[in-house]
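The exercises below are meant for a reader who is meeting this structure without earlier acquaintance. Each one sets a task and then works through a solution step by step.

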Amino acid sequence: MPAKQLLVVAHAPSANTRKLVDAVLRGASHDDIENVKTRWLPPLEAGPDDVRQADGIILGTTENLGYMSGALKDFFDRSYYPVLEEKQGLPCAVYIRAGHDGTGTRRALESILTGLRWKLVQDMLTCRGEWQDQFEADCEALGLYMAAGLDNGIF
């Protein structure tokens, strides 16, 4: 059986946001995960063909001016219509690195994901406020949860 494909599309413009991507990847490649291949692409490098190959997707973004990063918005601008019909029901998880409250970012992503009919497999994770080491543990758990769900046929 071919491995399931988990795509991580995450904006990581700083050392701390790169730690979050690394934590997601660490969780998704836990030793107990047997049949999932995970790859990370920055949003400006990811596109519709990458989504078409994915069995699940994790989106990561910073909160910029109360909205998702411009890079993630660009990914959606290029990918939304090309994958709209063929990737409905795609299991999806989201983390937001928000210096403030993340509300605007969350609302924007909920609207886009609803339009795409992608299925959030858990509530969006918002890493809110000043940096905390717990953010890494939370993102690692998110990666593990998504990969384990794919590995076990839950998603």
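**Exercise 1. Find the strands that pair with β1, and decide whether β1 is enclosed or open.**

Gln5 of β1 stands opposite Lys37 in strand β2, and this is a useful place to begin in what is a predicted model. Strand β2 covers residues 36-41, and 6 bridges join β1 to β2, the two strands running parallel. The next step is to look for another partner: 5 bridges join β1, which covers residues 4-10, to β3, and this pair also runs parallel. Within the pairing of β1 with β3, Val8 stands opposite Ile58. To settle the last part of the task, count the residues under 20% relative accessible area, which is the cut-off for being buried. Of the 7 residues of β1, 5 are buried, so the strand is largely enclosed by the rest of the structure.

**Exercise 2. Follow β3 to its other partners and describe how it turns into β4.**

Start again from Ile58, which stands opposite Ala93 in β5. Strand β5 spans residues 91-98, and 6 bridges join it to β3 in a parallel arrangement. Then turn to strand β4, residues 67-68, which is joined to β3 by 2 bridges and runs antiparallel to it. One of the paired positions here is Asn64, whose bridge partner in β4 is Tyr67. Together β3 and β4 form a hairpin with 2 residues between them, and in the turn Leu65 has a positive phi of about 55°. As a final step, consider the surroundings of β3: because 8 of its 9 residues (56-64) are buried, it is largely enclosed by the rest of the structure.

**Exercise 3. Name the residues that touch the most other members of the largest nonpolar core, and trace the contacts of one of them.**

The largest nonpolar core has 27 residues, and those that touch the most other members are Ile57, Leu59, Phe75, Phe76 and Trp118. At least two residues of this core come from each of β1, β3, α3 (70-83), β5 and α4 (103-116). Take Leu59 as the example: leaving aside neighbours within four places in sequence, its contacts include Val9, Leu72, Phe75, Phe76, Tyr95, Leu113 and Trp118. A second core, separate from the one containing Leu59, has 22 residues, with Leu6, Val8, Val121 and Cys139 among them.

**Exercise 4. Compare how two pairs of helices pack.**

For α3 and α4, the packing angle is about 15° and the axes lie 11 Å apart. Since angles under 35 degrees count as roughly parallel, α3 and α4 are therefore roughly parallel to each other. The crossing of α3 past α4 is left-handed. On the α3 side the contact is made by Leu72, Phe76, Tyr80 and Val83, while α4 contributes Leu109, Ile112, Leu113, Gly115 and Leu116.

For helix α1 (residues 15-28) and helix α5 (residues 134-151), the angle is about 40° and the axes are 6 Å apart. Here α1 passes α5 in a right-handed crossing. Among the residues making this contact are Leu20, Ala23 and Gly27 of α1 and Phe135, Cys139 and Gly143 of α5.

**Exercise 5. Is Pro82 buried, exposed or partly exposed, and what does it contact?**

Pro82 is found in helix α3. Its relative accessibility is 32%, so Pro82 counts as partly exposed. Leaving aside neighbours within four places in sequence, Pro82 is in contact with Pro48 and Arg52.

Terms used: Residues numbered from 1 in each chain as written. Predicted model: local features only at pLDDT ≥ 70, side-chain atom pairs only at ≥ 80, totals over all residues. Heavy atoms only, no water. Buried < 20%, exposed > 50% of the residue type's maximum accessible area, 1.4 Å probe, protein only. Helix = DSSP H or I, 4+ residues; strand = E, 2+ residues; numbered from the N terminus. Pairing = 2+ DSSP bridges. Core = buried A, V, L, I, M, F, W, Y, C linked by side-chain atoms within 4.5 Å. Contact = heavy atoms within 4.5 Å. Axes fitted to C-alpha atoms, helices over the stretch in contact; angles between N-to-C directions. Parallel < 35°, antiparallel > 145°, perpendicular 65-115°, else oblique. Left-handed = near helix turned anticlockwise from the far one by under 90°.
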